[in-house]
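This report describes selected pockets, a helix pair and some backbone features of one protein chain. The structure is shown below.

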Amino acid sequence: MSSLTEKDRPVVQLLLNTGTCPRCILRFCCVGSQTLYRCPYKDLMKDLKKFLKNNQEKEDTVCFDVVDPPCKRIRLEHAEEPDDLGHNGALQQIPPVNDKSTVMENSAVKVCNVCLGILQEFCEIDFVKKVCQKVNSAGYQFTSFVFSVSLPPQLSVRERAAWLLVKQEMGKLGLSLAKDDIVQLKEAYKWIFHPQLSEELGVPADGKVLFEVSVVFAHPETDEECHFLATACPDCFKPAKNKQSVFTRMAVIKALEKIKEEDFLKHFPCPPSSPKNLCVALEIQCNNGAVFVAGRYNKYSRNLPQTPWIIDGERKLESSVEELISEHLMAEFKADSFNFSSSGREDVDVRTLGNGRPFAIELVNPRRIHFTAEEMKGLQQTINNSSDKIQVRDLQLVTREAIGRMKEGEEEKTKTYSALIWTDKAIQKEDLAFLDDIKELKLDQKTPLRVLHRRPLAVRCRIIHTMKSEYIDEHHFRLHLKTQAGTYIKEFVHGDFGRTKPNIGSLLNRTADILELDVESVDVDWPPTL
């Protein structure tokens with residue numbers, strides 16, 4: 001049984017007298033019954049008035065009978081009565097509570113001086129329906145939801161003032177009240193709002209799902225109430241790139257933990273004053289967790305970059321592998337944005353053949369998330385029909401964790417290439433025979449000049465595992481190579497002005513250059529073949 005008892009009477013009288021709503025009073029009396037908070041506002045007010053009129057003995061309780069167990073507890077301590085609020089005459093701000101007629105007069109519905117109306121109007125069915133309307137109009141697929149709420153940071157300041165007030169009152173009874181004993185405002189709000197929202201949406205609430213409904217509250221009238229903390233605790237308020245204000249909820253909480261009670265009372269009224277206006281619901285937002293799609297792509301064009309090619313703000317080519325794949329995924333999943341990743345990358349003039357290169361796309365905040373295997377197959381066909389420059393295979397939904405396998409061992413995996421090579425001096429077939437016998441050739445590759453603007457200068461040791469030559473004519477041959485991932489093949493052919501040693505030019509003792517390069521395989525066993 002969770003209920004108010006005789007020892008709660010002075011707290012109820014005090015908080016009602018100072019403009020606190022019934023649900024906040026329950027919070028400060030440490031009532032942990034979820035069911036009780038869901039009672040209609042008017043009924044709660046009526047029961048509190050009844051409780052104050054009740055003159056039964058101490059152990060008797062008013063009819064707040066519920067089945068939920070309490071989640072918070074007031075601690076009885078036999079130490080000396082607290083006097084930490086008595087500095088500098090700060091307690092003179094606390095009004096007397098003996099006049100019960102005053103309590104009754106002030107208990108009409110007005111904006112709560114602690115929650116600023118969050119546990120009042122925003123718990124009513126009209127607001128629940130407003131949130132549901134927003135969710136349903138956003139067009140998301142979901143079978144359950146998680147609800148989150150963002151509160152104005154000044155609520156923490158008001159909560160602190162109310163706690164000091166109640167703590168002092170309970171000290172008169174030889175009781176103590178720790179901050180952690182109070183039911184948190186956000187917790188109480190979810191107790192009330194969750195079941196109503198679940199009923200209206202027709203789906204269960206589940207804290208582990210990826211579809212989130214969030215409400216952001218603000219209260220412009222009291223925005224500046226936490227500003228005094230910046231003077232008292234300047235170290236707690238540091239500018240951040242992605243924050244519009246330094247007065248974030250976490251910064252305010254951190255400052256409240258540091259500031260002494262007597263300093264707090266010098267700057268903030270205790271009890272907090274009653275506001276004129278309710279909070280406003282600044283934003284009602286929906287967000288689906290990211291969906292991940294993986295596959296392998298072939299690139300058949302020698303004039304197509306993997307990602308958009310932009311130099312000094314100017315676009316060089318009209319499309320890219322990334323865009324040709326993602327535009328169809330974005331349309332079908334109805335996502336806000338995407339992030340493309342792959343197992344390595346090829347140059348704009350290099351083709352990717354064979355089984356293709358593994359890739360993954362993160363689709364951010366998708367409206368549609370459920371696709372059958374047949375629908376994914378159809379989506380793959382749509383991508384392949386849209387362009388002759390690329391093809392995709394094994395298109396499938398994967399988890400975030402699975403993408404890690406694509407990146408695992410990137411340095412250890414092998415790649416197979418085919419290079420068309422030109423030489424300045426004439427060659428015969430027998431001039432190339434020795435290349436076929438070279439195994440595990442170690443290279444020292446200084447960062448190529450062509451990528452020096454985006455890669456750090458370093459000498460990297462790479463290995464050519466095997467080579468097989470294919471003679472064409474006196475000045476041309478094709479070389480098939482199996483190499484360690486991360487090997488710069490073009491530089492291995494022409495030497496990059498001596499920055500890659502050894503190289504094909506030095507091995508053949510003549511000038512060599514690369515005319516064409518194809519990736520024939522990327523030896524990563526992911527994603528699973530369909």
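## Pockets and backbone features

In the second largest pocket, β4 supplies the largest share of the lining, with three residues. The model under discussion is a predicted one. The elements that give two or more residues to the lining of the second largest pocket are β2 (146-150) and β4 (212-218). This pocket holds about 600 Å³ of space. Its lining consists of 21 residues, and those nearest its centre are Pro-153, Ser-245, Phe-247, Thr-248 and Arg-249.

The largest pocket encloses about 1,000 Å³. Arg-345, Asp-347, Arg-450, Arg-454 and Arg-455 are the closest to its centre among the 35 residues that line the largest pocket. Two or more lining residues come from each of β7 (310-311), β12 (414-423), β14 (459-473), α16 (489-494) and β17 (512-522). In terms of domains, at least three residues of this lining are drawn from domain 2 (291-411), and at least three from domain 3 (415-522).

The table sets out the residue classes in the two linings.

| Pocket | Nonpolar | Polar | Charged |
|---|---|---|---|
| Largest pocket | 14 residues | six residues | 15 residues |
| Second largest pocket | 10 residues | seven residues | four residues |

A helix pair may be considered next. Helix α6 (residues 125-137) and helix α8 (residues 185-201) have axes that come within 10 Å and cross at roughly 55°. Because of this crossing angle, α6 is classed as oblique to α8. The crossing in which α6 passes α8 is right-handed.

Certain backbone features are found in loops. The peptide bond between Cys-270 and Pro-271 is cis, with omega about 10°. Pro-271 is located in the loop between α11 (261-267) and β5 (280-287). A cis peptide bond also leads from Lys-501 to Pro-502, where omega is near -15°. The loop that contains Pro-502 lies between β16 (500-501) and α17 (504-508).

Cys-30 has a positive phi, near 65°, although this residue is not glycine. Its position is in the loop between α2 (22-28) and α3 (34-37).

Terms used
Residues numbered from 1 in each chain as written. Predicted model: local features only at pLDDT ≥ 70, side-chain atom pairs only at ≥ 80, totals over all residues. Heavy atoms only, no water. 1 Å grid on protein atoms, 1.4 Å probe; cavity = no way out; pocket = protein on both sides within 12 Å on 5 of 7 lines; lining within 4 Å. Points joined across faces, edges and corners; volume = space filled by probe spheres on them. Helix = DSSP H or I, 4+ residues; strand = E, 2+ residues; numbered from the N terminus. Nonpolar A, V, L, I, M, F, W, Y, C, P; charged D, E, K, R; others polar. Domains from an automatic or database assignment. Axes fitted to C-alpha atoms, helices over the stretch in contact; angles between N-to-C directions. Parallel < 35°, antiparallel > 145°, perpendicular 65-115°, else oblique. Left-handed = near helix turned anticlockwise from the far one by under 90°.
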